[in-house]
Each structure stands twice: as C-alpha cells, then as structure tokens.
Amino acid sequence: MPRARAPSAAARSTCAPAARPACTASASTTSTSTTSTASTPPSPSRTRSIGELKKLVEEGKVKYIGLSEASPDTIRRAHAVHPISAVQMEWSLWARDIEPEIVPLCRELGIGIVPYSPIARGFFGGRGVTQQVSAESSLKGHPRFSAENLEKNKQLYLKMEELAKKHQCSPAQLALSWVLHQGDDVVPIPGTTKIKNLDSNIDSLKVRLTEDDLKEISNEIREEDVAGGRQYTSFAKFTWNYADTPKK
C-alpha cells in the first residue's frame with residue numbers, strides 16, 4: 001500500500017479461500033463496521049477474494065468491502081459479486097489519472113472514492129521546497145522527489161503558492177480543498193503525524209472554491225507538467241494500470 005493509508009479501523013485483505021481463516025480471525029478482533037479492503041496482488045483473482053469477503057459480510061464479520069488501486073474492469077467485476085462501498089486511489093492535483101475512467105465508473109455504480117496522498121505526498125505542504133526531505137524519509141526514493149525532478153516540480157509549488165494567496169490559505173489547504181470540491185462522494189485521507197497539520201487540514205474545509213476557481217487551479221497545476229512518475233518505482237507495477245486480475 002502507498003504511504004498514506006486508510007484509517008486504522010480498515011482491515012486490508014486479499015481473502016482468497018486459503019486465506020479465509022486469517023481473514024476470519026482478523027475480522028473477529030475488529031468492529032463489525034470494519035471495511036475490508038482488497039489490495040492489488042496479481043493472483044488470486046480479486047473476484048474470488050470478493051466472493052470470500054462477501055461470505056464474511058453475510059456472517060456479520062465485515063460490514064463494507066472496498067478496493068485499493070483497482071482497474072476499471074476489476075471494479076466492475078468485483079461490484080457484480082458484492083456491492084463495493086469505496087475505492088481508494090491516489091488523487092490530487094499532481095495525480096489525476098483516475099479522472100477519465102475510474103471516477104465516472106465509481107459514480108455510475110454508486111461507489112465512494114477515497115483519495116490517498118491528496119496533498120501530493122506533502123509536496124504542496126512544502127516538502128522538498130520550503131522543508132528539507134530527511135535522509136531517512138522514503139520520499140528520497142520517490143521519482144518526483146529526486147533532485148532533478150524536484151527542481152522542476154518546484155515551479156508547480158510556486159504557482160500553487162500564488163493561487164493560495166488569492167484564496168487566503170496555505171498551498172496545502174488549497175490542494176486538499178481542491179480534492180474535497182471534486183464531489184460529495186469524495187473523502188480524502190491526508191496523513192500526518194503532527195497536530196498542527198491536522199488542524200490545518202481541518203481548516204481546509206473553510207476554503208470555498210467556485211467552478212471557475214477549480215478550473216483555474218486545474219489549468220495552472222497540470223499533471224502533465226509534473227516531472228517523474230506518481231508512484232515509487234518498486235510499487236509501479238501494483239498500481240491500477242496493471243491491476244487487471246484473472247477472471248477465474
């Protein structure tokens with residue numbers, strides 16, 4: 001899973017039949033309001049995994065089922081087995097590849113969208129620009145935070161800074177507000193370990209953006225202008241682009 005994760009109450013699972021005892025044991029230690037999230041392994045089929053999770057729902061051990069980094073075909077097939085409550089995907093101003101297919105599909109099927117890394121892995125909070133990335137940080141291995149790419153991406157931060165001044169908020173708040181304004185079915189999960197950042201994230205709810213504002217921000221901060229891939233190289237093959245699991 002990417003660094004920004006779902007709330008701790010969520011139980012990640014790839015519940016194939018052989019793994020069912022472990023899933024059952026995991027579910028028994030959590031509330032029945034748990035959302036079990038099927039991840040992105042190449043096998044077994046996610047359809048089989050959802051079939052097993054469906055049994056746990058019927059037994060009252062799991063209440064909701066979600067997917068993470070799932071392809072459109074996988075979402076549709078999984079939803080046919082059991083209603084999918086939410087799909088967790090990276091979505092931010094610098095990661096918008098889910099907009100053409102996955103967002104419309106989720107809305108067609110009535111599935112909520114849970115964007116992780118909505119502040120671009122802290123980039124719009126100044127990470128790598130106004131703040132140093134520590135030598136121990138995993139971001140040192142992220143393509144967009146490499147020295148060469150970061151130097152190019154700083155121009156996007158400067159644009160975001162100017163836009164944020166216009167809306168009387170911080171760049172991080174504007175980035176989060178932009179995601180929040182994508183729809184009532186969108187619930188981003190910004191990660192932080194600092195209370196001051198949590199308070200700042202909450203205050204992003206006060207930022208009001210019109211349709212014209214959203215268009216202006218989208219046009220100024222374009223994904224095609226971002227240098228480097230959106231995912232860690234080691235995780236690249238586990239993104240939704242490669243997540244079509246076997247049909248049987």
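## Helices α3 and α4

Helix α3 and helix α4 make a right-handed crossing. This is a predicted model. Helix α3 covers residues 72-81, and helix α4 covers residues 102-109. Their axes come within 10 Å. They cross at roughly 15 degrees. Angles under 35 degrees count as roughly parallel. The two helices, α3 and α4, are therefore roughly parallel to each other.

Which residues of α3 and α4 meet? From α3 come P72, I75, R76 and H79. From α4 come I102, L105, E108 and L109. By class, five residues of this contact are nonpolar, one is polar and two are charged.

## Strands β4 and β5

Strand β4 spans residues 86-90, and strand β5 spans residues 112-116. The two strands run parallel, with five bridges joining β4 to β5. One of the pairings involves V87, whose bridge partner in β5 is I113.

Is β5 buried or exposed? Five of its five residues are buried, so β5 is largely enclosed by the rest of the structure. Its residues point two ways. G112, V114 and Y116 point one way from the strand. I113 and P115 point the other way. Residues on both sides are buried.

## Helices α5 and α8

Another helix pair lies further along the chain. Helix α5 takes in residues 147-166, and helix α8 takes in residues 211-220. Their axes also come within 10 Å, crossing at roughly 160 degrees. Angles over 145 degrees count as roughly antiparallel. So α5 and α8 are roughly antiparallel to each other. The crossing of α5 with α8 is right-handed.

In this contact, L156, K159, L163 and K166 belong to α5. They meet D213, E216, I217 and E220 of α8. Five residues of the contact are charged, three are nonpolar and none is polar.

## The whole chain

How many helices and strands does the protein chain hold? There are eight helices and five strands. From the N terminus on, the elements run β-α-β-α-β-α-β-α-β-α-α-α-α. Strands and helices alternate up to β5, and four helices follow that strand.

The protein chain has 248 residues, and buried residues make up 48% of them. Now take the contacts in the chain with a separation of 6 or more. Of these, 76% are between residues 24 or more positions apart.

Technical notes
Residues are numbered from 1 along each chain as its sequence is written. This is a predicted model: local features need pLDDT of at least 70, side-chain atom pairs count only at pLDDT 80 or more; totals for chains, interfaces and linings use all residues. Side-chain values use heavy atoms; hydrogens and water are left out. Axes are lines fitted to C-alpha atoms, for helices over the stretch in contact, and angles run from 0 to 180 degrees between N-to-C directions. Angles under 35 degrees count as roughly parallel, over 145 as roughly antiparallel, 65 to 115 as roughly perpendicular and the rest as oblique. A crossing is left-handed if the near helix is turned anticlockwise from the far one by less than a right angle, and right-handed if clockwise. Contact means heavy atoms within 4.5 Å. Ala, Val, Leu, Ile, Met, Phe, Trp, Tyr, Cys and Pro count as nonpolar, Asp, Glu, Lys and Arg as charged, and the others, Gly among them, as polar. Buried means under 20% relative accessible area, exposed over 50%, partly exposed in between (1.4 Å probe, protein chains only). Two strands pair if DSSP finds at least two bridges between them.
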